[in-house]
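Biologist: I have a new model open and would like to learn how to read it. Could you walk me through a helix and a ligand site?

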Amino acid sequence: MPTDLFRALGLTDDPRFIAPARLTGPSAKGPGVHDGIVSSENPATGEILGGVRLDDSAALDRVIAESVDAFRKWREVPAPARGQAVRAIGEEFRRFKEPLGELVSLEMGKIRTEGLGEVQETIDIADYAVGLSRQLPGQVFPSERAGHRMFEQWLPLGPVGVITAFNFPNAVWGWNAMLGAVCGDTIIWKPSLFTPLVALATNAIADRVAAKLGHTGIFRLVIGTDEQVGKPLVADRRIPLISATGSCRMGRAVGQAVAARLGRSLLELGGNNAVIVHSDADQELALRSTVFGAVGTAGQRCTTTRRLLIHESIADRFIDRLVAAYKQVATRIGDPLREGTLIGPLANATAVEQFLAAVKAAKEQGGEVLFGGGRACEGVRGHFVQPTLIRAPKNNNLPISREETFAPILYVFTFKELDEAVALHNGVDQGLSSAIFTESVRASERFLSPTGSGSDCGIANVNAGTSGAEIGGAFGGEKDTGGGRESGSDSWKAYMRRQPPPSTSAASSSLHRGSALSSQPRTADPLAEAAIAEITSGMIVGLGTGRTASRAIVALAERVKEEKLDIRCVPTSHVTETLARAQCLPLVDFAMEEEVDYLFDGADEVDPMLRMIKGAGGAMMRERIVAYAAKRRVYMVQEAKMVHRLGERASLPVAVLAFGLASTRASLRRLGMNGVVRRTFDGHLFLTDNGSLIIDVTLAADREIEELAAEINDIPGVLDHGLFLDEADEVIVETKSGAIERLNRPAPE
Ligand code: NAD
């Protein structure tokens, strides 16, 4: 174990890290997951670098809940201040660039300059994000309403799940995390199990810097298997955006799972990138770019050049030079951290098997191996293969070339007409990066055609290879590459939600859907108005149940429309949900919120003498939980529903059971009540002020108290069906004359 490096990066102090000497059993012997630990391998030597304790689904659940909490605080931090935190993180990555870059090489296998370059990408995107934190620009549009203007603002989205591939163990997180953070989102990162150490070290840097600035929990890391962590993360409704980088196979599974819950996904998937070398190309430039693009990172970049299409007039000579260049680079395969190495190992033993299988298939399909095709550095335990050139048969039919084999194989094709080359180029499922080498404007314009009939990829270069990315542009690909865009341009919009609220002009006197109208009472329903009066933008509002609450829902929908209130509503019953949907209120599941700022609800009966409210969102477990989680509770009741002794009305199945001390029983008997008792939502019996217990079932009055008590304890699913007046912040009563009175007003601050 490279102890100094690990110490410099704080890994040795990380409680999740296990030094190789402390690993036992299969974890010590080979890479992979054993007994809740993942062992990480140096792919150049086969040595176990260390183990990392894995998270399970329960740990993930906690992390998501905490990330939701952290998001609520982080979104309140002004965007430029969020930018300052990201700036400090970028500075820290500058300080740690050398050791972190070295760890990337050690664990992933890319050569030292590529490892350093990867950390530099994270630094660059942090710089970019800092500038962005002072922009995040919306647009202004003319409104059709007199005296109004309409503007679009961009709002933080929520916790973002970031799933990363092994081949960019630091930068892919950086691209997502730095942009997401300035946008006001929190990040939950699930890295590849092939590179857990880079993830531990990377996340620790960002988390530490943010925490020092008072922002805790913005950057979270969950390391676990796809079953325990990956899939539950993707399926979780509390996470509005999943940004996933990896194979098309993964993207298909993740995309479908996120779509099933109507979430958003940003997919950055596999590529099968081609270079067209036209007859008039600068061949020297084309040759260098192709070799670099095909063998760099041992063919393990999403933008690796995997197919070469050469004009037939220059093909033979170009291919000879290519073979000569491959011979040269093949002498520089080896330890990625050694000076002079150009090609490091593949990620693992499976990748080598997949490489060999692809070469075999190519041969069977008529391909001719011009160079390489086998393992390299024989005798070393690392996973080395030769850079490989395979020429397609004359009819250009080579099915294996339509797949992405994550290894340094370059398939070579020839063409006569440019249209034929473009068709061949586009004739694969993936659509990430593409390039043409030509000195002709006509040919390059054909490739970049404004009608879209040229390259069908997300990236199209002229006289530059397929490999690599610049952070200023939007990076990503079409077709099976997933359609996502990251990094520059307007990619930040993926991490935010858009809102176009119209803003009114105070001077306007227009009555046409205008400001003059909005100062009028919206509804002739004073009870409903009183119940929703204190709801403001930003609130999460619990919608009650029943007919009285429905009046407030209708009034609330009017306010949302008129005032463009930005609220989210938690429906508590099917009736409420249906009504709220019909009224176009923005709904969220309570599971995503855990706390409600405001809850209004209708009460069935209110008994001021017993200081009790019957009904009031107590009919179902879920409503009751929402009521309990509300910071402020307001209940509405009509005067006709005021009673002075619950149980007197025939419709009420309420009875009080004298229970407890003899004196309590006696006092209850004096009240003349004949019945029973309640339980709270968690099943505990509820003790009233005067010592009685109340549950929500009707029991015969003539039962023996002790017998009843025993039975009550055995009643499954008995719920509280009401509450005490004190539990409401306010009870608003609509009198018979239509006036509004309040039973208990909010206490002064
Ligand atoms: P992979 O698809 O095997 O794994 C990628 C990540 O997805 C890992 O973290 C993995 O654990 C996770 N994952 C897999 N199935 C999942 C599921 N059902 N639910 C949740 N998570 C799941 O890819 P890899 O081998 O690590 O990386 C190589 C691939 O990534 C190549 O196809 C490469 O082209 C692609 N890649 C694309 C880009 C891009 O920007 N387009 C960048 C880097 C890598």
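Modeller: Gladly; we will take a helix, then the ligand. Keep in mind that this is a predicted model.

Biologist: How many residues does helix H18 have, and what span does it reach?

Modeller: Helix H18 covers residues 546-563, which is 18 residues. From first C-alpha to last it reaches 26 Å, close to the 26 Å expected at 1.5 Å a residue.

Biologist: How should I think about which way its residues point?

Modeller: The general idea is that an α-helix has 3.6 residues a turn, so residues three or four places apart point the same way. In H18 the buried residues include Ala549, Ala552, Ile553, Leu556 and Val560. Arg559 is buried as well.

Biologist: Which elements do the buried residues of H18 pack against?

Modeller: Their partners are helices H17 and H19 together with strands S26, S27, S28 and S30. Just after H18, Lys564 takes a positive phi of about 55°.

Biologist: Now the ligand. How many residues surround it, and which are the closest?

Modeller: There are 28 around the ligand, and the closest are Thr164, Asp226, Ser247, Leu269 and Glu404. By class, this shell has 13 nonpolar, 9 polar and 6 charged residues.

Biologist: Which polar side-chain atoms should I look at?

Modeller: Try three that each face an oxygen atom of the ligand: Ser247 at 2.5 Å, Asp226 at 2.7 Å and Lys190 at 2.9 Å. Taken alone the ligand exposes 850 Å², and the protein buries 89% of that. Helices H9 (226-235) and H10 (248-260) are the elements that give two or more residues to the shell.

Technical notes. Residues are numbered from 1 along each chain as its sequence is written. This is a predicted model: local features need pLDDT of at least 70, side-chain atom pairs count only at pLDDT 80 or more; totals for chains, interfaces and linings use all residues. Side-chain values use heavy atoms; hydrogens and water are left out. Helices (H or I, at least four residues) and strands (E, at least two) are DSSP runs, numbered from the N terminus. The expected span of a helix is 1.5 Å times one less than its number of residues. Buried means under 20% relative accessible area, exposed over 50%, partly exposed in between (1.4 Å probe, protein chains only). Contact means heavy atoms within 4.5 Å. A residue is near a molecule or strand if one of its heavy atoms lies within 4 Å of it. A polar contact is a pair of N or O atoms within 3.5 Å; within protein, one must be able to donate a hydrogen and the other to accept it, and residues adjacent in sequence count only if both atoms are side-chain atoms. Accessible areas come from the Shrake-Rupley method with a 1.4 Å probe; for residues, only the protein chains shown count as cover. Ala, Val, Leu, Ile, Met, Phe, Trp, Tyr, Cys and Pro count as nonpolar, Asp, Glu, Lys and Arg as charged, and the others, Gly among them, as polar.
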